[in-house]
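Here's a walk through one protein chain, going from a single residue out to the whole fold and back. Keep the viewer open as you read.

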Amino acid sequence: MVFEQIYRVDFLRRQPWFALFLGVGYSVLAIAIALFTFPQDPALIAVAIISILFIPSLAELMGGTERQARSTARTTLDLVRTTYTIAKPAILIYVFAFLGMFLVFAFFALALPQLATNVLFKQQLEVLTGPSGQAIAFSTPLFRDLLINNFLVLILCFTISVVAGNGSILFIAWNASVWGTIFGTLAKTTATQIQGSPAIIFLLIMLSVVPHMMIEILSYILAAVSGTMLSDGLVSERLTGLPFSNIMRRVIVLLVAALAVVVIGALVETFVLGNFTTYAKIITLSFAR
């Protein structure tokens, strides 16, 4: 792809923060292309285009990660430490890419008129309002419900990554688009109700949701990286060989870490939704008539 001629994956590995700008640039480009080609329903097409733009770089990046994962670890501690070192660049690139995509969708949700937001990002807003367009009442979800939902998404990310390599970037991009659109829309509609500043209300929302949002997306990213590592290993190594055995051990370390993080994320989200009254009030005001 032409973008890979502008920057090299080695540069991206050394400077993972550059993925933030890729997330921003790819999202703006994808939204523009989706509006031009599918003006009636651009939301899902934009997410798909973002994923397509990212896959070549991610494929080359994860190929190098899988090659490093073949190395042997002497002890369990060494296995955990070296797995973290090997996977860290890919994890950071996913995190920064997510933030770039999230910021673009949040910006458009804040900046565009409400009618335009409703049309352009209909699919994302249905996560908040439901297909009927009626507001889903705010309530404090049970920890079990949050954990089950997040666990299912994590397993889906891992499975898609095993089957389709870096295909789980689609779920990362979808979550970025949903959260960015929803939080931007909440801030804008609440500001309309109280004649306040959408930017300030958006910052208040971010103070409430950033901890569990980033923990949750980290669990999905860990699952995606581990699944892609396993997928590349299945393609390039003999299943009975030592290199594949080493890869499998590192996959297990990352997957266990993902499961631990998803539990922490559900705990934090349960606490936030049950105790952060500012966030609850913003949601209530957003749907006030």
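## Starting from one asparagine

Setting aside neighbours within four places in sequence, Asn 150 is in contact with Glu 216, Tyr 220, Val 262, Ala 266 and Glu 269. A word of caution before going on: this is a predicted model. Asn 150 sits in helix H8, which covers residues 143–164. With a relative accessible area of just 2%, Asn 150 counts as buried, because the cut-off for that is under 20%.

One of those partners deserves its own look. Glu 216 is found in helix H10, and it is buried too, at 7% relative accessible area. Beyond its neighbours within four places in sequence, Glu 216 is in contact with Asn 150, Trp 179 and Glu 269. Glu 269 therefore turns up in the contacts of Asn 150 as well as in those of Glu 216.

## The chain as a whole

Zooming out, the chain has twelve helices and zero strands, so to speak an α run from the N terminus on. Of its 289 residues, 48% count as buried. Take the contacts between residues at least 6 apart in sequence: 80% of them join residues at least 24 apart. The exposed area of the chain comes to about 13,600 Å², with carbon and sulfur atoms supplying 71%.

## The core

How many residues does the largest nonpolar core have? The count is 72, and the residues with the most contacts inside this core are Phe 54, Phe 102, Ile 172, Phe 183, Ile 205 and Val 225. Helix H10 (residues 198–236) gives the largest share, 15 residues. As background, nonpolar side chains in soluble globular proteins tend to be buried together.

Ile 205 is a handy place to click around. Not counting residues up to four places away in sequence, Ile 205 touches Phe 183, Leu 186, Ala 187, Tyr 279 and Ile 282.

## Rings

A search of the whole structure turns up nine aromatic pairs. Such a pair is described by the distance of the ring centres and the angle of the planes. Here are two of them:

| Pair | Centre to centre | Angle between planes | Type |
|---|---|---|---|
| Trp 17 and Phe 21 | 5.9 Å | 85 degrees | edge-to-face |
| Phe 102 and Phe 183 | 6.3 Å | 65 degrees | edge-to-face |

The pair of Phe 102 and Phe 183 links distant parts of the chain: Phe 102 belongs to helix H5 (residues 76–111) and Phe 183 to helix H9 (residues 169–194), 81 residues apart. Is Phe 102 buried or exposed? Phe 102 is buried, at 3% relative accessible area, and Phe 183 is buried at 6%.

Trp 17 has another setting: at 40% relative accessibility, Trp 17 counts as partly exposed. Ring pairs also tie Trp 17 into a cluster with Phe 11, Phe 18 and Phe 21.

## Two helices, up against the ruler

Helix H3 (residues 18–37) has 20 residues and reaches 28 Å from first C-alpha to last, close to the 28 Å expected at 1.5 Å a residue. Its buried residues are Ala 19, Leu 22, Gly 23, Tyr 26, Ser 27, Ala 30, Ile 31 and Ala 34. Seen down the axis of H3, the buried residues fall within an arc of 155 degrees, so they line one face of the helix. The general background is that an α-helix has 3.6 residues a turn, so residues three or four places apart point the same way.

Leu 29 also lies in H3, but Leu 29 is partly exposed, with a relative accessible area of 32%. Its C-alpha atom is separated by 9.7 Å from that of Leu 53, 24 residues apart along the chain.

H9 has 26 residues, which should span 38 Å at 1.5 Å a residue; its end C-alpha atoms are 37 Å apart, which agrees. H9 is mostly covered, with 20 of its 26 residues buried.

## A loop residue to finish

Which residue lies in the loop between H9 and H10 and comes just after H9? Gln 195 does, and it takes a positive phi of about 55 degrees although it is not a glycine. For context, most residues other than glycine have a negative phi. At 69% relative accessibility, Gln 195 counts as exposed.

Notes. Residues numbered from 1 in each chain as written. Predicted model: local features only at pLDDT ≥ 70, side-chain atom pairs only at ≥ 80, totals over all residues. Heavy atoms only, no water. Helix = DSSP H or I, 4+ residues; strand = E, 2+ residues; numbered from the N terminus. Buried < 20%, exposed > 50% of the residue type's maximum accessible area, 1.4 Å probe, protein only. Contact = heavy atoms within 4.5 Å. Core = buried A, V, L, I, M, F, W, Y, C linked by side-chain atoms within 4.5 Å. Expected span 1.5 Å × (residues − 1). Arc of directions from axis to C-beta. Areas by Shrake-Rupley, 256 points an atom, 1.4 Å probe, with all protein chains shown as cover. Phe/Tyr/Trp six-rings, centres within 6.5 Å; stacked < 30°, edge-to-face > 60°.
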